[in-house]
Amino acid sequence: LERSPLLSLPLEELKRESIAQRIELSQLRARLEVERSQLGLQQANARPDWEFSAGYKRTGVFNTLIGYVSVPLPFFQRNQGEIGRAAAAVNATEYELIAQTRYIEAEVEASQRAVKRLEERQREMDRDLLRQADESRAIALTAYREGAADLYKLLEAQRARNEVRRLYQRTRLDLQMALAELALIVGRKELR
């Protein structure tokens, strides 16, 4: 049987590909940038906006130089509450991004392990179980033809062979479903 090229990739590459493709991580990264911008804005708002102005005024024969400084009150308001809220939002989003990344990595790893386990089971069935079931049926058929066994033993051998074949087909189906799930987790549209 042909091995899926998806399984020939190392686990770390599958994880990187999945992390790069997953939309929820892209959304979290964008949200993190927004939260960082919001933190920068709140830190900028902590500095008072002082205004300086100067000018010249002439009234009749009098020449006057005018200057003023505007300082917002209160002097010591540093916007600590909003800076704290924005910093907490940045931290929360960073931790959420880390947690989601770890979850996706674990998901990829578990899915790859399941595919490899099913692939190994199918190989074992190819190698041993199917051959043994066919041989048992052939022996029972030969014994029945020669009169050494009754019809019940032949039917029982055929039933066992059919059950093994059904189990084999179920394993193949499970393997294809596991491969499709791995491709979906990694972000590929096809199994190849």
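Colleague: Where do I start? Are α4 and α5 roughly parallel or roughly antiparallel to each other?

Modeller: They are roughly antiparallel. Keep in mind that this is a predicted model. To judge a helix pair, look at the angle between the two N-to-C directions; over 145 degrees counts as roughly antiparallel. Here α4 and α5 pack at about 165°, with their axes 8 Å apart, and α4 passes α5 in a left-handed crossing.

Colleague: At what angle do the axes of α3 and α4 cross?

Modeller: Helix α3 (residues 23-45) and helix α4 (residues 80-145) cross at roughly 165°, and their axes come within 9 Å. That makes α3 roughly antiparallel to α4. The crossing of α3 past α4 is left-handed.

Colleague: Now salt bridges. How many does a search of the whole structure find?

Modeller: The search finds 20 salt bridges. To spot one, look for a side-chain nitrogen of Lys or Arg within 4 Å of a carboxyl oxygen of Asp or Glu. Try arginine 36 and glutamate 94, which meet at 2.9 Å, N to O. This pair links distant parts of the chain, since arginine 36 is in helix α3 and glutamate 94 in helix α4, 58 residues apart.

Colleague: Which residue forms a salt bridge with arginine 123?

Modeller: Glutamate 119 does, with the closest N and O atoms 3.9 Å apart. Because these two residues are 4 apart in helix α4, about one helical turn separates them. Salt bridges can also join up: Glu12, Lys15, Glu109 and Arg113 are linked in a network.

Colleague: And is glutamate 119 buried or exposed?

Modeller: Check its relative accessible area: under 20% means buried. Glutamate 119 has 9%, so it counts as buried. Its partner arginine 123 has 40% and is therefore partly exposed.

Colleague: What about glutamate 163, and where does it lie?

Modeller: Glutamate 163 lies in helix α5 (residues 151-186). With 36% relative accessibility, glutamate 163 counts as partly exposed. You can also compare chain and space: glutamate 163 and alanine 133 are 30 residues apart along the chain, and their C-alpha atoms are separated by 9.2 Å.

Colleague: Last one: which residues make the nonpolar surface patch?

Modeller: For a patch like this, look for nonpolar side chains within 5 Å of one another, on residues with over 30% relative accessible area. Here Trp50, Phe52 and Val69 make a patch of about 370 Å². You will find valine 69 in strand β2, residues 62-70.

Key
Residues are numbered from 1 along each chain as its sequence is written. This is a predicted model: local features need pLDDT of at least 70, side-chain atom pairs count only at pLDDT 80 or more; totals for chains, interfaces and linings use all residues. Side-chain values use heavy atoms; hydrogens and water are left out. Patches are made of residues with over 30% relative accessible area and no salt bridge: like charges are joined within 9 Å, nonpolar side chains (Val, Leu, Ile, Met, Phe, Trp, Tyr) within 5 Å. Accessible areas come from the Shrake-Rupley method with a 1.4 Å probe; for residues, only the protein chains shown count as cover. Buried means under 20% relative accessible area, exposed over 50%, partly exposed in between (1.4 Å probe, protein chains only). Axes are lines fitted to C-alpha atoms, for helices over the stretch in contact, and angles run from 0 to 180 degrees between N-to-C directions. Angles under 35 degrees count as roughly parallel, over 145 as roughly antiparallel, 65 to 115 as roughly perpendicular and the rest as oblique. A crossing is left-handed if the near helix is turned anticlockwise from the far one by less than a right angle, and right-handed if clockwise.
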